[in-house]
Amino acid sequence: MDTDSNTPGWFIAGDGAIGMALGCLLQQQGASVRLISRVAKPTPAMMSCRFTGGETVEWTCPVMSEPDGTSIDRLIVATKAYAVSDVMDRWGSSLAPGARVFFLQNGLNLDSDRQPPPSTQPLIVVNSGFAAFRDEPNHVVQTAGEAVWVGDGSARSEASDPNVRNDIACLDAAGFHVRWTPDIIARRWLKIAVNSVINPLTVIHDCVNGMLLEQPEAVRMIRDLCDESGRILAAMEVSFSAEEIHSETLRVIEATAPNRSSMLQDHRRGDGRHELDYINLPLIRMGTAHGIEVEEHQLVYDRARRMLATCEPAGGQSPA
Ligand code: KPL
């Protein structure tokens with residue numbers, strides 16, 4: 001495993017909470033890290049991270065907003081789903097042949113899930129256990145550090161490329177506990193099913209995740225949505241049952257009880273960008289395509305869409 005700062009470094013697109021926390025963890029392991037920001041920022045940036053153990057680390061890191069001719073061997077895309085196409089448009093041509101590109105988004109875009117150039121290796125990360133939030137512009141607080149899943153969509157029991165295995169070992173040693181799985185597509189659908197319950201319901205009820213369990217209407221909707229998702233996933237031959245989706249949803253709500261979901265944060269930020277069409281819409285579309293009734297999901301989608309519309313620019317947004 002390389003932790004040597006002379007080896008090709010890590011580029012992290014997205015200087016939000018997860019991007020900053022990951023950058024800090026990797027740099028502490030001795031890796032060279034550069035953050036990629038959508039907008040030009042003073043560089044190097046001075047940041048701090050408080051980790052779950054209680055330790056606070058001050059760190060500095062170069063920040064880039066435009067390619068400078070450097071060839072990128074490993075890129076972590078830690079942006080929101082709607083920003084992925086911008087990242088690929090701007091940085092795709094800087095990716096070296098064989099570069100590993102780790103995608104950390106919630107949900108997916110069924111119309112055009114933006115891929116990096118064909119000569120590179122896209123890897124899907126399903127984040128089911130690492131959480132952080134930003135409480136000041138350059139200060140991040142990590143709130144959970146459980147295992148997360150990674151895969152390339154193949155049924156291989158481990159990554160075939162030793163570079164990918166090395167990357168996974170580096171991330172794991174740094175404290176981002178990635179585990180390879182041959183079932184990454186099913187795991188992504190499970191996470192979509194869970195997020196499609198928690199995220200819009202926290203917008204509708206304007207509450208932190210844990211409060212959902214204190215509202216009888218929300219508790220009933222959680223059950224009904226999970227049952228419907230179970231029928232959709234069964235029709236898609238994805239192996240998670242309604243019971244498993246329901247218990248995973250309750251587990252996540254309890255584990256992230258004090259969190260404001262990312263969709264509620266999008267709503268409150270009010271800049272018109274949110275992930276409803278990347279999380280809820282794919283399930284609705286899959287259900288419809290397989291002839292499954294999606295009444296509960298459609299109702300929740302429509303309610304949340306109306307509420308999120310109050311923060312959209314005229315004309316709404318379309319999946320990027
Ligand atoms: O993934 C999340 C999100 O907010 O998008 C959960 C797990 C619901 C945590 O808030």
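A salt bridge, as I shall use the term, is a side-chain nitrogen of Lys or Arg within 4 Å of a carboxyl oxygen of Asp or Glu. By that rule, 2 salt bridges cross the interface of domain 1 and domain 2, and the structure holds 17 salt bridges.

Before I continue, a word on the source. This is a predicted model, in which local features need pLDDT of at least 70 and side-chain atom pairs count only at pLDDT 80 or more, whereas totals for chains, interfaces and linings use all residues. Residues are numbered from 1 along each chain as its sequence is written, and side-chain values use heavy atoms, with hydrogens and water left out.

Let me turn to the domains. The assignment, which is automatic or from a database, gives domain 1 (10-182) and domain 2 (185-308). Their centres, taken over C-alpha atoms, are 25 Å apart. Domain 1 brings 20 residues to the contact and domain 2 brings 22, contact meaning heavy atoms within 4.5 Å.

How much area do domain 1 and domain 2 bury between them? The figure is about 2,100 Å², with 55% of it on carbon and sulfur atoms. Buried area here is the accessible area (1.4 Å probe) that two parts lose on being put together, summed over both. On the domain 1 side, Tyr 82, Asn 106 and Leu 108 lose the most area to domain 2, together 33% of what that side buries.

Two salt bridges deserve individual mention. Lys 80 and Asp 266 meet through their side chains at 2.6 Å, N to O. Glu 146 pairs with Arg 251, where the closest N and O atoms are 3.6 Å apart. That second pair links distant parts of the chain, 105 residues apart: Glu 146 sits in the loop between strand 10 (139-145) and strand 11 (148-151), and Arg 251 in helix 6 (residues 242-255). Helices (H or I, at least four residues) and strands (E, at least two) are DSSP runs, numbered from the N terminus.

Finally, the cavities. A cavity is a set of points, on a 1 Å grid over the protein atoms alone, where a 1.4 Å probe fits but cannot get out; lining residues have an atom within 4 Å of a point. Grid points are joined across faces, edges and corners, and a volume is the space filled by probe spheres set on the points.

The structure holds 3 cavities of 30 Å³ or more, and the largest contains about 40 Å³ of space. Its lining includes Asn 106, Val 125 and Arg 188. Strand 8 (121-126) and helix 4 (184-204) each give two or more residues to that lining. Why does the largest cavity lie between domain 1 and domain 2? Both domains give residues to its lining, so the cavity lies between them.

Definitions and conventions. On a 1 Å grid over the protein atoms alone, a cavity is a set of points where a 1.4 Å probe fits but cannot get out, and a pocket is an open set with protein on both sides within 12 Å along at least five of seven lines; lining residues have an atom within 4 Å of a point.
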